[in-house]
Amino acid sequence: RFWPGNTRPARIWNGLMRTVKEILALLFVKLFIGLLYLLPERLAFLLSRAIIEVLLRLMARARAVARRNLEIVFPELPLAERERIMNESFNVMAYNLLGYARIPKLSLERAKQLVDYSVPAGILARIRRDHPGKGVLVVTLHYGSFASLVQFHAIFCGEISMLARGFDMPRVDRWWNKRRE
């Protein structure tokens, strides 16, 4: 019922719109990740980079924040060099997405081609040996292919758990995390 002061219809409408947006986001993410999985690597990277660029245009503040952060950290660098660093970091984001999309294709043989994990594996083995029965917490930055790091660890060393901030969309979070496992 609609009457002055009744906020229930607005809450219902807002909840419905949030659900619709979340389902559309999930469909987009599934399509995008599926394409990255299927396409040849170079074409998949270009698609991933294009999507990053579209998202950056939709969220103009993100690019402005990146520029400002680089200006604060590297005031001595010319603008062109800071722009190069920023664009390279966006390329890393694209490679992260590509790496995530291809998790199901990651085998021990492919992992050995991509990385030498002997040093981190050795450090973790030593920590576990020196502290039997204790867990190991590894804190990483969102730098490089941080999501792939977890997969490499699982392939080379065995079971691992990951704690990451979600998308604030439960359906997308469930799908994303299930695929990551």
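Q: In which loop is Ala164 found?
A: This is a predicted model, in which local features need pLDDT of at least 70 and side-chain atom pairs count only at pLDDT 80 or more, while totals for chains, interfaces and linings use all residues. Numbering runs from 1 along each chain as its sequence is written, and side-chain values use heavy atoms, with hydrogens and water left out. As for Ala164, you'll find this residue in the loop between H7 and helix H8 (170-180).

Q: Is Ala164 buried, partly exposed or exposed?
A: The cut-offs are under 20% relative accessible area for buried and over 50% for exposed, with partly exposed in between (1.4 Å probe, protein chains only). Ala164 has 39% relative accessibility, so this residue counts as partly exposed.

Q: How many Å separate the C-alpha atoms of Ala164 and Asn177?
A: Along the chain, the two residues are 13 residues apart. In space, their C-alpha atoms are separated by 9.3 Å.

Q: What pattern does the chain follow along the sequence?
A: Helices (H or I, at least four residues) and strands (E, at least two) are DSSP runs, numbered from the N terminus. On that count the chain has eight helices and zero strands. Read in order, the pattern is α-α-α-α-α-α-α-α.

Q: Why is the chain called more spread out than a compact globule, and what is its radius of gyration?
A: The globule rule (2.2 Å times the number of residues to the power 0.38, with the radius taken over C-alpha atoms) gives 16 Å for 181 residues. The chain comes out well over that, so it is more spread out than a compact globule. Along the principal axes, the C-alpha atoms fill a box of roughly 70 × 50 × 35 Å. The radius of gyration itself is 21 Å.

Q: What share of the contacts between residues at least 6 apart in sequence join residues at least 24 apart?
A: Burial first: of the 181 residues, 25% count as buried. As for contacts (heavy atoms within 4.5 Å), the share joining residues at least 24 apart is 68%.

Q: Which residues does Ser48 touch, leaving out those up to four places away in sequence?
A: Ser48 lies in helix H2 (residues 41-58). At 0% relative accessibility, this serine counts as buried. The residues that Ser48 touches are Phe32, Leu36, Ala94, Leu97 and Leu98.

Q: Which residues does Leu97 touch, with the ones up to four places away in sequence not counted?
A: Leu97 lies in helix H4 and is buried, with a relative accessible area of 18%. The C-alpha atoms of Leu97 and Arg49 are separated by 9.1 Å, although the two are 48 residues apart along the chain. The touching residues are Phe32, Ile33, Leu36, Ser48, Ile52 and Trp176.

Q: Which residues of H4 are buried?
A: Leu97 has company in this helix, since H4 has a whole list of buried residues. In sequence order they are Arg82, Met86, Phe90, Asn91, Ala94, Asn96, Leu97, Leu98, Tyr100 and Ala101.

Q: How far apart in space are Val139 and Arg82, C-alpha to C-alpha?
A: Val139 is found in the loop between helix H6 (118-130) and helix H7 (146-157), and counts as exposed at 71% relative accessibility. Arg82, by contrast, is among the buried residues of H4. The pair are 57 residues apart in sequence, and their spacing is 27 Å.
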